[in-house]
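Reader: Please take me through one part of this model in detail. I would like the packing in the interior first, and then the residues around it.

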Amino acid sequence: MPSARPIIQAFAAAARRGWSALRAPFVAPGEPSTSPTDALLDFAPHTPTQGRFDLVAIDIDGTLLRPDKRLAHRVIRAVSEASQRGVKVVLATARPPRSVRAIYEALNLDTPQINYNGALIHDQRAGRAILHQPVPVQLGSQLIRYARRVDPNVIIGVEILDRWYTDHTDHAGGTRTTGTFRPDFVGPLEAFIHKPATKILLQGSPERLGRVKAALCDRYRKRASILICDSQLVQVLHAGADKQVALERIALSYGIPRSRVMAIGDAPNDERMIRWAGLGVAMKNAWPTVRAAAGAIVSGNDADGVAEALKRFVLA
């Protein structure tokens, strides 16, 4: 896997010059990208606040949103107050940008966001990629073909920079995204299997997916990140894609030290950023391993735990 050091150094240098210096998307060295060739951003360097934290990363599903997938007014008010005080609030999610847009706008944010578990850092306002780490084409193609050999009926989808490609239209029981948006392309695998995938989605019943994941991990776990965040969905990402890595890059770009970063989450894909942050906060409804990794635990997402965390540690 290519070293992240050149990217991190570039982000830190950009922070010293100001975001206007970013005139091209950052891509892992040696990796292909279908990002726009012009990703000019106008974010100013961060001015430290008087509070304890300058940057707060918040997971969406199971954390920011209530169980009915709605944003609570109390959470909106707390995020708004933190932003007004100069705190950078960053959404960090497995979702694609299109599935975050309404939430981002409801919170009136102006920060970059972390999508696809860190495979994409996205400028929602401009609709452009800042950093894109796709699964290498050859690896993605091999992995998809192997998954179909293990289970010929597994539903396969490929996300490529906020566009959804699939060879199957029945996505019942899938993610919030698959239930809300229609695919951008439906057709044979051969039409899109040779494109650099931001994320590969494998969908099926929990028992079938367990076999698929076991087979994929046995063969590819050192070359790709293979995750189950939902019992009916396996996600495959670039081996270096992770919310923690993306959050660290954003903090460096703003010149914000780790000690002044707070991260809030609930699921295993949040655990590394929770461990890395100056303060990691777990929801009451979080997985046991995530609660064990956190420095603080707040109420669940059914009781506006994000608002509680912001009031206790950022707005106090």
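Author: Start with the largest nonpolar core. It has 34 residues, and Leu 64 and Met 262 touch the most other members. Helix 11, residues 305-313, gives the most to this core: five residues. A separate core lies apart from it, with 27 residues, including Leu 143, Val 154, Leu 216 and Tyr 220. In soluble globular proteins, nonpolar side chains tend to be buried together. Keep in mind that this is a predicted model.

Look closer at Leu 64. Leaving out residues up to four places away in sequence, Leu 64 touches Ile 58, Asp 59, Leu 71, Val 75, Leu 91, Ile 103, Leu 107 and Val 306. One of these, Asp 59, leads on to the next residue, as Thr 93 also touches Asp 59.

Thr 93 sits in the loop between strand 3 and helix 4, the latter spanning 101-106. Is Thr 93 buried or exposed? Thr 93 counts as buried because its relative accessible area is 2%, and the cut-off is under 20%. Beyond residues up to four places away in sequence, its contacts are Asp 59, Ile 60, Asp 61, Val 100, Ile 114, Asn 115, Tyr 116, Asn 117 and Lys 243. Take Ile 114 from that list. Thr 93 and Ile 114 are 21 residues apart in sequence, yet their C-alpha atoms are 6.1 Å apart in space. The side chain of Thr 93 also has a polar partner: one of its polar atoms lies 2.9 Å from the backbone nitrogen of Arg 95.

Now cross to Asn 115. This residue is in strand 4, residues 113-115. Asn 115 is buried, with a relative accessible area of 0%. Setting aside neighbours within four places in sequence, Asn 115 contacts Thr 93, Arg 95, Pro 96, Pro 97, Val 100, Leu 120 and His 122. Val 100 is thus a contact of Asn 115 and also of Thr 93.

Tyr 116 follows, in the loop between strand 4 and strand 5, which covers 120-123. Tyr 116 is buried too, at a relative accessible area of 0%. Its backbone deserves a look: phi is positive, about 50°, although Tyr 116 is not a glycine. Leu 161 is another residue with a positive phi, near 45°, and is likewise not a glycine. Leu 161 lies in the loop between strand 7 (155-160) and strand 8 (163-166). Leu 161 counts as buried because its relative accessible area is 19%, and the limit is under 20%.

Go back to strand 3, residues 88-91, for Lys 88. Which side chain of opposite charge is nearest to Lys 88? That is Asp 110, 4.8 Å away. Lys 88 has no salt bridge, because one needs a side-chain nitrogen of Lys or Arg within 4 Å of a carboxyl oxygen of Asp or Glu. Lys 88 is nonetheless buried. Apart from neighbours within four places in sequence, Lys 88 is in contact with His 46, Asp 54, Leu 55, Val 56, Thr 111, Tyr 254 and Ile 256.

Finally, the whole chain. There are 11 helices and 15 strands. Of the 316 residues, 57% count as buried. Among contacts between residues at least 6 apart in sequence, 60% join residues at least 24 apart. The accessible surface comes to about 13,300 Å², and 49% of it belongs to carbon and sulfur atoms.

Notes. Residues are numbered from 1 along each chain as its sequence is written. This is a predicted model: local features need pLDDT of at least 70, side-chain atom pairs count only at pLDDT 80 or more; totals for chains, interfaces and linings use all residues. Side-chain values use heavy atoms; hydrogens and water are left out. Helices (H or I, at least four residues) and strands (E, at least two) are DSSP runs, numbered from the N terminus. Buried means under 20% relative accessible area, exposed over 50%, partly exposed in between (1.4 Å probe, protein chains only). Lys and Arg count as positive and Asp and Glu as negative; His and the chain ends are not counted. Contact means heavy atoms within 4.5 Å. Accessible areas come from the Shrake-Rupley method with a 1.4 Å probe; for residues, only the protein chains shown count as cover. A polar contact is a pair of N or O atoms within 3.5 Å; within protein, one must be able to donate a hydrogen and the other to accept it, and residues adjacent in sequence count only if both atoms are side-chain atoms. A nonpolar core is a set of buried Ala, Val, Leu, Ile, Met, Phe, Trp, Tyr and Cys residues joined through side-chain atoms within 4.5 Å.
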